[in-house]
Amino acid sequence: MRIGIGYDIHKLTENRDLILGGVKIPYELGLLGHSDADVLVHAIIDSMLGALALRDIGYHFPDTDEKYKNANSMNLLSETLKLIKNEGYKIVNIDSNIICQKPKLMNYIDEMRKNISQVLNIELNQISIKAKTNEKMDSTGNGIAIVANAVCLLESDV
Ligand code: ZN
């Protein structure tokens with residue numbers, strides 16, 4: 001078995017969609033980034049890559065590459081699954097946090113889990129997403145940014 005950790009942060013800004021776990025969430029601000037800036041999916045990708053010491057998301061999907069401009073992060077997640085499979089591993093489970101003061105995410109969590117489980121071809125009970133606030137402290141608590149953390153456990157498929 002192998003375990004990996006992932007972290008990501010994106011800044012909230014005007015004139016961008018807020019996309020978390022592949023769900024477009026109605027809000028006056030969205031996350032700034034080269035891709036769709038899906039901070040949750042980026043943290044999950046890094047946890048999967050980290051579990052097999054396959055470097056990080058920026059190495060595989062560089063933000064200097066025009067190919068990934070406004071990229072759907074779900075496609076990057078799908079590409080990451082291929083990398084894991086090529087190494088002979090499968091996902092046991094993923095756990096994650098989204099640290100976000102506003103908007104409230106509770107009503108969107110199940111849809112995010114469904115999206116991610118479909119792309120990764122796992123059961124719903126293999127993907128956990130927890131939404132937290134930061135009690136109005138620091139950049140996430142002040143609504144300037146959204147942070148995501150993830151851990152992923154893999155096991156050999158051979
Ligand atoms: Zn990111």
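# Note on the predicted zinc-bound model

1. Glu155 is partly exposed, with 26% relative accessible area; buried here means under 20%, exposed over 50%, and partly exposed in between, taken with a 1.4 Å probe on protein chains only. The model is predicted, so local features are reported at pLDDT of at least 70 and side-chain atom pairs only at pLDDT 80 or more, while totals for chains, interfaces and linings use all residues. Numbering starts from 1 along each chain as its sequence is written, and side-chain values rest on heavy atoms, with hydrogens and water left out.

2. Glu155 sits in strand E7, residues 145-156; helices (H or I, at least four residues) and strands (E, at least two) are DSSP runs, numbered from the N terminus. Its C-alpha lies 5.5 Å from that of Tyr89, although Glu155 and Tyr89 are 66 residues apart in sequence. The side chain of Glu155 also forms a salt bridge with Lys90, at 3.7 Å from N to O; the term means a side-chain nitrogen of Lys or Arg within 4 Å of a carboxyl oxygen of Asp or Glu. This pair links distant parts of the chain, with Glu155 in E7 and Lys90 in strand E5 (residues 89-99), 65 residues apart.

3. Lys90 has a second partner, Asp157, and here the closest N and O atoms are 3.8 Å apart. Lys90 belongs to E5 and Asp157 to the segment after E7, so this salt bridge ties together parts 67 residues apart in sequence. Asp157 is partly exposed at 47% relative accessibility. Through shared partners, salt bridges join Lys90, Glu155 and Asp157 into one network. Lys90 itself is partly exposed, with a relative accessible area of 36%.

4. The structure holds six salt bridges. One of them brings together the side chains of Asp17 and Lys24, at 3.6 Å from N to O. Asp17 is partly exposed at 42% relative accessibility, whereas Lys24 is exposed, with a relative accessible area of 57%.

5. The zinc site has three named protein donors: Asp8 through OD, His10 through NE2 and His42 through ND1, lying 2.0 to 2.1 Å from the ion. Donors are N, O and S atoms within 2.8 Å of the metal (3.2 Å for Na, K and Ca), and sites may look incomplete because water is not among the atoms. The spacing of the donor residues along the sequence is D-x1-H-x31-H. Asp8 lies in strand E1 (residues 2-13) and His42 in helix H1 (residues 39-51), so this pair ties together parts that are 34 residues apart in sequence. Asp8 and His42 are both buried.

6. The largest pocket holds about 240 Å³ of space. Its lining counts 15 residues, and those nearest the centre are Ser35, His42, Ile57, Phe61 and Asp63. E1, H1 and helix H2 (57-60) each give two or more residues to this lining. The largest share, three residues, comes from E1. A pocket is an open set of points on a 1 Å grid over the protein atoms alone where a 1.4 Å probe fits, with protein on both sides within 12 Å along at least five of seven lines; lining residues have an atom within 4 Å of a point. Points are joined across faces, edges and corners, and the volume is the space filled by probe spheres set on them.

7. Asp46 is placed in helix H1 and counts as buried at 16% relative accessibility. The C-alpha atoms of Asp46 and Gly58 are separated by 9.2 Å, the two residues being twelve apart along the chain.

8. Ile3, Ile5 and Val151 make up a nonpolar surface patch, with about 320 Å² of accessible area together. Such patches take residues with over 30% relative accessible area and no salt bridge, with nonpolar side chains (Val, Leu, Ile, Met, Phe, Trp, Tyr) joined within 5 Å and like charges within 9 Å. Areas come from the Shrake-Rupley method with a 1.4 Å probe; for residues, only the protein chains shown count as cover. Ile5 lies in strand E1 and is exposed, at 68% relative accessible area.

9. Some backbone geometry merits a look. Lys102 and Pro103 are joined by a cis peptide bond, with omega about -5 degrees; Pro103 lies in the loop between E5 and helix H4 (109-120). Asn70, not a glycine, has a positive phi of about 55 degrees. Asn70 is in the loop between H2 and helix H3 (73-86) and is partly exposed at 48% relative accessibility. Asp138, also not a glycine, has a positive phi of about 55 degrees. Asp138 is placed in helix H5, residues 138-141, and counts as partly exposed at 45% relative accessibility.
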